[in-house]
Amino acid sequence: MNHQTMATALLLKTSLFRTLSFTSKPFSLYPLPLKSHSFHLKAAMAEGSEIIEKEEAGVVGEEKKKVFVAGATGNTGKRIVQQLLAKGFAVKAGVRDVDKAKTSFSEGNPDLQFVSVKGQDWNLGEEDYSNHHKILVCFGDACVQVKADVTEGSTKLAEAIGGDTDAVICATGFRRSLNLLTPWKVDNFGTVNLVEACRNLGVKRFVHVSSILVNGAAMGQLLNPAYIFLNVFGLVLVAKLQAENHIRKSGINYTIVRPGGLKNDPPNGNIVMEPEDTLYDGSISRDQVAEVAVEALVHPEADYKVVEIVARADAPKKTFPELFGSVKQR
């Protein structure tokens, strides 16, 4: 091949690369590209569940998309981490205790990184506000410490999240205590700090796990026993609603997931997804809540939406594009 022919071939190859790489399309965090026929899906839970997992993934020529999960060792957060890893994402797990976190997940996974702010509970049930704390960034048994002042809020959270993060999933939740300010520290201020950290870093995607009935007053559900019970603990639903409002005004591409009563049992029934301020009762497996949170990153139909979810045995089985697509933006 002469020099002119080689130059022409190189030019055509470069042009094709640019065409494929910079085509405008909806923002999606699915860890592409994948080898053709490199994975297949199978049912992971009981019959009738929509939970699926990937057996193999081949990510070629591109780093995996990285997702930061706040509250990663919580009952729902742990499931979110597991499903993200199964789908081929790299995960930064925001945890309170690295040693405890290591016992919660399989060892030796190179796609799982633990990030812990010493003195701050990522489930945000108890906090120690001494002047300076440490951010621990751990890969396996190797940890690096960075000074952090948690009273500076989003600035130090941004250090924990890191500039290489593509999306954040917030699965934090307060622990019941006699301190009635705890829900506001957790479900309001904690979430707001995460959102502001994402804005500072330029993170483009935020998925938040909230609750049905957060707007119960406007729904005429003031006397709903669930609304009364949850708000006994420092008006937690009011705190969550205020945090949701901040997310919606942030400019970040968000999905707010409002599940019904959370169950640790395997899924029993199919997911029912409704628009905001629709559902006022019902329950759902945490496995399905985690699945919805992860699938929201994959499907553009979930962008800029608030969805409410429960599971019902008599509900028809639907794909996630169908579920998210049935809910209209407000």
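## Helices, cores and unusual backbone angles

Helix H4 is followed by Gly 162, whose phi is positive, near 85°. The model described here is a predicted one. Helix H4 spans residues 154–161, and six of its eight residues are buried, so the helix is largely enclosed by the rest of the structure. The buried residues of H4 are Ser 154, Lys 156, Leu 157, Ala 158, Ala 160 and Ile 161.

Positive phi values also occur outside glycine. Most residues other than glycine have a negative phi. Asp 277 has a phi near 60° although it is not a glycine. Asp 277 sits in the loop that links strand E12 (270–275) to strand E13 (283–285), and its relative accessible area of 23% makes it partly exposed. Tyr 304, another residue other than glycine, has a positive phi near 55°. Tyr 304 belongs to the loop between H8 and strand E14 (305–312) and is partly exposed at 37% relative accessibility.

The chain as a whole

The secondary structure comprises nine helices and 14 strands. The chain has 330 residues, of which 49% count as buried. Its accessible surface is about 16300 Å², and 54% of that belongs to carbon and sulfur atoms. Among contacts between residues at least 6 apart in sequence, 68% join residues at least 24 apart.

The nonpolar cores

In soluble globular proteins, nonpolar side chains tend to be buried together. In this chain the largest nonpolar core has 40 residues, and Ile 80 and Leu 84 have the most contacts inside it. Helix H8 (residues 286–298) supplies the largest share of this core, eight residues. A second, separate core has 20 residues, among them Ala 70, Cys 198, Ile 252 and Val 306.

Leaving aside residues up to four places away in sequence, Ile 80 touches Val 69, Ile 169, Ala 171, Val 209, Ala 290, Ala 293 and Val 294. Two of these partners, Ala 290 and Val 294, can be followed further. Ala 290 lies in helix H8, and Val 294 is placed in helix H8 too. The table gives their burial and, for each, the C-alpha separation from a residue far away along the chain.

| Residue | Relative accessible area | C-alpha partner | Places apart along the chain | C-alpha separation |
|---|---|---|---|---|
| Ala 290 | 0%, buried | Lys 78 | 212 residues | 8.6 Å |
| Val 294 | 1%, buried | Ile 80 | 214 residues | 6.7 Å |

Which residues does Ala 290 touch, not counting residues up to four places away in sequence? They are Thr 76, Arg 79, Ile 80 and Gln 83. With the same neighbours in sequence left out, Val 294 touches Ile 80, Gln 83, Leu 84 and Lys 87.

Helices H6 and H7

Two packed helices are described by the angle between their axes and the distance between the axes. The axes of helix H6 (residues 225–232) and helix H7 (residues 236–249) come within 6 Å and cross at roughly 85°. H6 and H7 are therefore roughly perpendicular to each other. On the H6 side the contact involves Tyr 227, Leu 230 and Asn 231, which meet Val 236, Leu 237 and Val 238 in H7. By type, the residues of this contact divide into five nonpolar, one polar and no charged.

How values were computed. Residues numbered from 1 in each chain as written. Predicted model: local features only at pLDDT ≥ 70, side-chain atom pairs only at ≥ 80, totals over all residues. Heavy atoms only, no water. Axes fitted to C-alpha atoms, helices over the stretch in contact; angles between N-to-C directions. Helix = DSSP H or I, 4+ residues; strand = E, 2+ residues; numbered from the N terminus. Parallel < 35°, antiparallel > 145°, perpendicular 65-115°, else oblique. Contact = heavy atoms within 4.5 Å. Nonpolar A, V, L, I, M, F, W, Y, C, P; charged D, E, K, R; others polar. Core = buried A, V, L, I, M, F, W, Y, C linked by side-chain atoms within 4.5 Å. Buried < 20%, exposed > 50% of the residue type's maximum accessible area, 1.4 Å probe, protein only. Areas by Shrake-Rupley, 256 points an atom, 1.4 Å probe, with all protein chains shown as cover.
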